[in-house]
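I sat down with this one to look up the fold, the salt bridges, the main pocket and the surface. My notes are in the order I took them.

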Amino acid sequence: MATEASPPRSGTETHHAPASPTTEQFVEVQEGAEFGELRRTYRSFAFPLTLAFIAWYLLYVLLSNYAGDFMGTKLFGNVNVALVLGLGQFATTFLIAWLYSRHAANRLDPRAEAIKHRMEADA
């Protein structure tokens, strides 16, 4: 099987990896306002959505256990409320994943990259 990988580098090329920050630098950045803001931005998105999804999932489980007649209500053909809500669980999962990827790309990743580049430059 052919690949389109580039050939291995010769030993004459020199490539320097960026210097690794020290433990003290990591602690300093972690305690800084910029990192704190990054954490707050992440938490303000992740925690509410996580709690909402857990509540939605528990509602589905409780309805399945204690409201069998309601969940068995036929909507059309052989499709009942339980099936629609169950498929809604999958749809919700994919929606949250998509929303998070947009949020991370727009609000988290640029800030994290800025912190990373500054740390590598200071190392």
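What follows is my running notebook on this model.

**Entry 1: the overall layout**

First note to self: I am working with a predicted model. I went through the secondary structure and found 4 helices and 2 strands. I then read along the sequence and wrote down the order as α-α-α-β-β-α. I also looked up burial for the protein: of its 123 residues, 15% are buried.

**Entry 2: salt bridges**

How many salt bridges are there? I get 3.

I started with Glu 34 and Arg 118, whose side chains meet in a salt bridge at 2.3 Å, N to O. Glu 34 sits in helix α2 and Arg 118 in helix α4, so this pair ties together parts that lie 84 residues apart in sequence. I checked the exposure of both ends. Glu 34 is partly exposed, at 39% relative accessible area, and for Arg 118 I also read 39%, again partly exposed.

Next I went to Glu 37. Which residues are linked with Glu 37 in a network of salt bridges? I found Arg 40 and Arg 111. With Arg 40, the closest N and O atoms are 3.2 Å apart. That contact stays inside helix α2, where Arg 40 and Glu 37 are 3 residues apart, about one turn of the helix. With Arg 111, the side chain of Glu 37 meets at 3.8 Å, N to O. This pair links distant parts of the chain, since Glu 37 is in helix α2 and Arg 111 in helix α4, 74 residues apart.

Why do I log Glu 37 as partly exposed? Because its relative accessibility is 33%, and partly exposed covers the range between under 20% (buried) and over 50% (exposed). Arg 111 gets the label partly exposed too, at 29% relative accessible area.

**Entry 3: another look at α2 and α4**

I wanted one more distance between these helices, so I picked Ala 114, which lies in helix α4. Its C-alpha atom is 9.7 Å from that of Glu 34, with their positions 80 residues apart along the chain. Ala 114 counts as partly exposed, at 30% relative accessibility.

**Entry 4: the largest pocket**

I looked up the largest pocket and noted a volume of about 200 Å³. Which residues line it? I listed Gln 25, Glu 28, Val 29, Gly 32, Glu 34, Phe 35, Ile 115, Arg 118, Met 119 and Asp 122. Glu 34 and Arg 118 are among them, and I had already logged these two as a salt bridge.

Where does the lining come from? Helices α1 (23-30), α2 (33-66) and α4 (81-122) each supply at least two residues. The largest share belongs to α4, with 4 residues. By type, I sorted the lining into 4 nonpolar, 2 polar and 4 charged residues.

**Entry 5: a nonpolar patch**

I turned to the surface and found a nonpolar patch formed by Ile 54, Tyr 57, Leu 58, Leu 62 and Tyr 66. Together they have about 560 Å² of accessible area. I looked at Leu 58 in particular, which has its place in helix α2. Is Leu 58 buried or partly exposed? I read 45% relative accessible area, so Leu 58 goes down as partly exposed.

**Entry 6: a buried residue in α4**

Last stop was Val 81, found in helix α4. Val 81 counts as buried because its relative accessibility is 10%, and the cut-off for buried is under 20%. I also took a distance to Gly 68: Val 81 and Gly 68 are 13 residues apart in sequence and 9.9 Å apart in space, C-alpha to C-alpha.

**Entry 7: what I am keeping**

Two items on α2 and α4 go on my summary page. Salt bridges join them through Glu 34 and Arg 118, and through Glu 37 and Arg 111. Both helices also contribute to the lining of the largest pocket.

Key:
Residues are numbered from 1 along each chain as its sequence is written. This is a predicted model: local features need pLDDT of at least 70, side-chain atom pairs count only at pLDDT 80 or more; totals for chains, interfaces and linings use all residues. Side-chain values use heavy atoms; hydrogens and water are left out. On a 1 Å grid over the protein atoms alone, a cavity is a set of points where a 1.4 Å probe fits but cannot get out, and a pocket is an open set with protein on both sides within 12 Å along at least five of seven lines; lining residues have an atom within 4 Å of a point. Grid points are joined across faces, edges and corners, and a volume is the space filled by probe spheres set on the points. Ala, Val, Leu, Ile, Met, Phe, Trp, Tyr, Cys and Pro count as nonpolar, Asp, Glu, Lys and Arg as charged, and the others, Gly among them, as polar. Patches are made of residues with over 30% relative accessible area and no salt bridge: like charges are joined within 9 Å, nonpolar side chains (Val, Leu, Ile, Met, Phe, Trp, Tyr) within 5 Å. Accessible areas come from the Shrake-Rupley method with a 1.4 Å probe; for residues, only the protein chains shown count as cover. A salt bridge is a side-chain nitrogen of Lys or Arg within 4 Å of a carboxyl oxygen of Asp or Glu. Buried means under 20% relative accessible area, exposed over 50%, partly exposed in between (1.4 Å probe, protein chains only).
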